[in-house]
Amino acid sequence: MNILQINSSARSTGSESSRLADALVAKISAANPGAAVTRRDLATQPHPVLDEVALQALFTPADQRNADQAARVALDDALIAQVQAADVVVIGAPTYNFGITAQLKTWFDAIARAGVTFKYGPTGPVGLLTGKKVYVALSRGGIHRDAPTDTQLAHIKMFLSFVGLTDVQYVFAEGLGMGPEAVAKAQSQAEAEINAILV
């Protein structure tokens, strides 16, 4: 089994979403001896944003790219290869200002490649990253679950489905900005959710 862990917090230390992602990976690994784990921390290993230079490189045919363009596309290719090789994907996803982090959006942009991770068919887009299990650990300072303020979850669900990642389970830690008692409650509930989905 190949496990890919994506930490998308801007924090390299002290991130609750990364801690929960670690807990998920530890429990999955314990149940699957010999599992290989690849971790990508987007705080310590930042990926370049999708800018004009990147778009020009991506839309230039491979055999016509200059060295800089080929190098830029190769960075995205590496992230795509990691997802393609994974049997299980674990994502740590904090909420920043009601949405996903810039780091996670950059990762989404990197792995969304027409003809590689999705294609367009007669009835619309078809995801190509199929047959994988995904776990997403969401951390929030406030409480947004099942509320209109939860635009983060809708974005993540939409994108993962778009690229074919449809077998997804979510773990929530909410109220982390609401004092020590709320933090303890959020952590306890998140750990209970992890134990419930990974029996």
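# Questions about R140 and its surroundings

Visitor: Which side chain meets that of R140 in a salt bridge of 2.8 Å, N to O?

Guide: This is a predicted model, in which local features need pLDDT of at least 70 and side-chain atom pairs count only at pLDDT 80 or more, while totals for chains, interfaces and linings use all residues. Residues are numbered from 1 along each chain as its sequence is written, and side-chain values use heavy atoms, with hydrogens and water left out. A salt bridge here is a side-chain nitrogen of Lys or Arg within 4 Å of a carboxyl oxygen of Asp or Glu. With an N to O distance of 2.8 Å, the side chain that R140 meets is that of D150.

Visitor: Is R140 buried or exposed?

Guide: The word depends on relative accessible area: under 20% is buried, over 50% is exposed, and in between is partly exposed (1.4 Å probe, protein chains only). R140 has a relative accessible area of 1%, and therefore R140 is buried.

Visitor: How many residues apart are R140 and E174, which form a salt bridge?

Guide: In this pair the closest N and O atoms are 2.6 Å apart. R140 lies in the loop between strand 6 and helix 5, and E174 lies in the loop between strand 7 and helix 6 (180-197); helices (H or I, at least four residues) and strands (E, at least two) are DSSP runs, numbered from the N terminus. The pair links distant parts of the chain, and the separation of R140 and E174 in residues is 34.

Visitor: How far apart in space, C-alpha to C-alpha, are F172 and R140?

Guide: F172 is in strand 7 (residues 167-173), and R140 is among the residues that F172 touches when those up to four places away in sequence are not counted, where contact means heavy atoms within 4.5 Å. Although F172 and R140 are 32 residues apart in sequence, their C-alpha distance in space is 8.0 Å.

Visitor: Which residue meets K133 in a salt bridge?

Guide: K133, in strand 6 (residues 133-139), is linked to a residue in strand 7. At 18% relative accessibility K133 counts as buried, whereas its partner is partly exposed, with a relative accessible area of 39%. The two side chains meet at 2.9 Å, N to O, and the partner is D167.

Visitor: Is F59 buried or exposed?

Guide: F59 sits in the loop between helix 2 (52-58) and helix 3 (67-85). Because its relative accessibility is 70%, F59 counts as exposed.
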